[in-house]
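Here is a short note to read beside the model. Keep the view open and find each residue as you go.

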Amino acid sequence: MSTTVTSGTSAAPADPTRTPDGLPKLYHGRKSGWRWRPQLSHLFLVPFCLVWVYPFIWMFSAAFKSQREMLLGGLSLIPEEPTLDNFSRAWTTAKFGEYTVNTIIFTVLVVAIVLLVTSLAGYALSRPGLPFKKLIIGILVATMFIPHGYTIIPVFLLVNELGLGNSLLGAALAQAAPVHVVPVLLFMGFFGGMPSELEDAAKVDGAGFFRTFLSIMLPLAKPVIGTVALMNFISAWSAFFVPLVFTLGNPGLRTLGVGMYNFFGQESTDFAGLAAGATISVLPTIVVFLLLQKTFIEGIAGAVKS
Amino acid sequence: MTARTRRTAAKRREHLWCYVLLLPLLVAFGGFTLWPIVASWWYSLFDWDGVGNPTEWVGLANFVEVLTAPDFWRAFWHTFLFSLVAILIELPLALAFAILLNNARLRGRNLYRLALFVPVVTTTAVVGIVFVALLDPVRGAVNEILLAVGLVDAPINFLGSTTTALPTLMGIDLWKGFGISLIYWLAALQTVPKDLIEAAQLDGARRASIVRHIMVPVMAPIAIVIMLLLFQRSLGTFDLVQAMTAGGPVYSTDVVPTYIYRYAFSPEMQAPRYGFACAAGVVFGLLTLVLTLLQAPALRYRKRVAV
């Protein structure tokens, strides 16, 4: 640098758009308009996200407030004298304990049905040269956009016909059976991408078609199994429409979402108890989501991309 | 037996196995998706309360009643408005946030994503109840804040008034669904090859032309999928409306699924009207189909770009 200055071409170096050789700079690096200062967006993002999560903060704090404090109102988010009364009231009096058990049964059934049906189908559809493969996939994708409300009545009647009306298994079937296009495609994509040498090796070792699937392919599909299980766990745990319709005749089978809704209709003044019940019903999904958010979000993103 | 026939026999055996594995899917899909579609058509031709087999054939009377019912069209209009809000407000807003949060140099971006995503994994009934409490005209936090700041003189009855209830629900629906649109867009942004952008920058391309010539063409196919997914989700809006207002006050927030639910399942009705509810469902399904087909030019574009 110092040599160029002493050699008399000293007019150029001050100009940032030119290289030391005096040529126009092609790459502006960080100074071009393309790269802006991201840290400035904190000024906007922090308040925005606080407003966004405010309902949750309010809910968690209200769950620990006394009923008297809730009645008095006030905007404080820190309970004056934190209490667990609301939780015990919600758990026993408002039957949230029962609802929790129902929700666990319902969710486990849904996840099991979805995994069973979609992993088998995904593997079968990933085999090359299967007749009618394109037709089956085409019909699956085409019916993806049918609104749930359209088919609920026949599904309700079918489940009753099967003798599963007013049972958690019936509700789980109604929840799990129609929604499996995305998991099928995920499994199909995964199995389709496996090297064929793997199967050939299994065949040489004398494993049949089903054994190859069960003891070699399926264990390898753990990431997809995890994603599908997690996505269905969260959607089944928070399901509302199907459990609502299928437990109308038997309040003892209500899941948390439905129980919440009914509780609200009857005792709308007990906001502290409601907040405790709400906390009980969302905590599992939020905890699971926080622990496995990467898998969950990547699963959703992967589903959109494919 | 020649080697060739042995091979075809093995292939056939494998395909047979494939169909055995497909069986559960075909049964579930046939029973819970295809049959209900056909059955809805059949049931809609009867006046039927769901008890016993449908016997009272009424032909197209249910359809005439649906098509001439102002209540149905109002519910349909509200459903359509939910879609408009999702596509015209939520979609671009989520894209803006995704671009902001896609920047690797933004510190704490995972925390922001988390905050925006948590409503997605929350039970709708819980969301409904929390917001009912927050928006309460008497002690609700929202009204207390608005009064304290001086934005309003008297508390607003957000959910109790026919003018504010629907926009309030739409706002909450946006709040709840926003995170998923954000994740969709973040996934779409990942598909834009970084080295392509860097190469363009090296060639001195302006920001606007990078957006126009690289980002838009690469992201367009996924953007169309995102739009369709959002559209489909908004048509199914039921949980939030049912949990918060059940279509009220005075049906000002009624959407098609709550309309169908009321005729088929609501305990408030003296006798369920399955036939009529099915007819409403069929009309709704057809209208949805038409609205989806209206987006066909976009789908054709997607195909052309994807090649």
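**Notes on the model**

1. Start at a loop. Asn166(A) sits in the loop that runs between α7 (148-161) and α8 of chain A. Its backbone stands out: phi of Asn166(A) is near 55°, a positive value in a residue other than glycine. Is Asn166(A) buried, partly exposed or exposed? At a relative accessible area of 39%, Asn166(A) is partly exposed, because that class lies between the 20% limit for buried and the 50% limit for exposed. Keep in mind that this is a predicted model.

2. Chain B offers a similar case to look at. Phi of Ala246(B) is near 50°, again a positive value in a residue other than glycine. Ala246(B) is found in a loop of chain B, between α10 (239-244) and α11 (256-264). With 35% relative accessibility, Ala246(B) counts as partly exposed.

3. Now step back to chain A as a whole. Its secondary structure comes to 15 helices and 0 strands. Chain A has 306 residues, and 49% of them count as buried. About 14900 Å² of chain A is exposed, and carbon and sulfur atoms supply 67% of that area.

4. How do the contacts of chain A span the sequence? Take those between residues at least 6 apart in sequence: 69% of them join residues at least 24 apart.

5. Go on to helix α8 of chain A, residues 168-176, where Ala174(A) lies. Ala174(A) counts as buried, because its relative accessibility is 2% and the limit for buried is 20%. What does Ala174(A) touch, not counting residues up to four places away in sequence? In chain A the partners are Val155(A), Val159(A), Val242(A) and Phe246(A). Chain B adds Phe32(B). One more pair is worth a look: Ala174(A) and Phe156(A) are 18 residues apart in sequence, and their C-alpha atoms are 7.6 Å apart in space.

6. Compare that with Pro167(B). This proline has its place in helix α7 of chain B. Pro167(B) counts as partly exposed, at 48% relative accessibility. Its C-alpha atom and that of Ala148(B) are separated by 23 Å, with the two positions 19 residues apart along the chain as the sequence separation.

7. Leu101(B) belongs to helix α3 of chain B. Its relative accessible area is 0%, so Leu101(B) is buried. Leave aside its neighbours within four places in sequence. Leu101(B) is then in contact with Leu45(A) from chain A. In chain B, its contacts are Leu106(B), Arg109(B), Tyr112(B), Arg113(B), Leu116(B), Leu182(B) and Leu186(B). Val64(B) is 37 residues from Leu101(B) in sequence, and 51 Å from it in space, C-alpha to C-alpha.

8. Where is Ser44(B)? Ser44(B) lies in the loop between α1 (3-43) and α2 (61-68) of chain B. This loop residue counts as buried, because Ser44(B) has 0% relative accessibility. Not counting residues up to four places away in sequence, Ser44(B) touches Gly59(B), Asn62(B), Phe63(B), Gly275(B), Cys278(B) and Ala279(B). Thr123(B) is 79 residues from Ser44(B) in sequence and 32 Å from it in space, C-alpha to C-alpha.

9. Cys278(B), one of those partners of Ser44(B), counts as buried at 2% relative accessibility. Cys18(B) counts as buried too, at 0%. How many disulfides does the structure hold over all chains? The count is 0.

10. Last, look at the second largest pocket. Its volume is about 1400 Å³. The elements that give two or more residues to its lining are α15 (271-305) of chain A, together with α3 (70-101), α4 (109-117), α7 (165-190), α8 (194-202) and α9 (207-235) of chain B. Which element gives the most? α9(B) does, with 9 residues.

11. The lining of this pocket has 39 residues. Nearest its centre lie Ile99(B), Asn102(B), Asn103(B), Leu189(B) and Gln190(B). By class, the lining has 23 nonpolar, 6 polar and 10 charged residues.

Definitions and conventions
Residues are numbered from 1 along each chain as its sequence is written. Chains are lettered from A and ligands numbered from 1 in the order in which they are written. This is a predicted model: local features need pLDDT of at least 70, side-chain atom pairs count only at pLDDT 80 or more; totals for chains, interfaces and linings use all residues. Side-chain values use heavy atoms; hydrogens and water are left out. Helices (H or I, at least four residues) and strands (E, at least two) are DSSP runs, numbered from the N terminus. Buried means under 20% relative accessible area, exposed over 50%, partly exposed in between (1.4 Å probe, protein chains only). Contact means heavy atoms within 4.5 Å. Accessible areas come from the Shrake-Rupley method with a 1.4 Å probe; for residues, only the protein chains shown count as cover. On a 1 Å grid over the protein atoms alone, a cavity is a set of points where a 1.4 Å probe fits but cannot get out, and a pocket is an open set with protein on both sides within 12 Å along at least five of seven lines; lining residues have an atom within 4 Å of a point. Grid points are joined across faces, edges and corners, and a volume is the space filled by probe spheres set on the points. Ala, Val, Leu, Ile, Met, Phe, Trp, Tyr, Cys and Pro count as nonpolar, Asp, Glu, Lys and Arg as charged, and the others, Gly among them, as polar. A disulfide is a pair of cysteine sulfur atoms within 2.5 Å.
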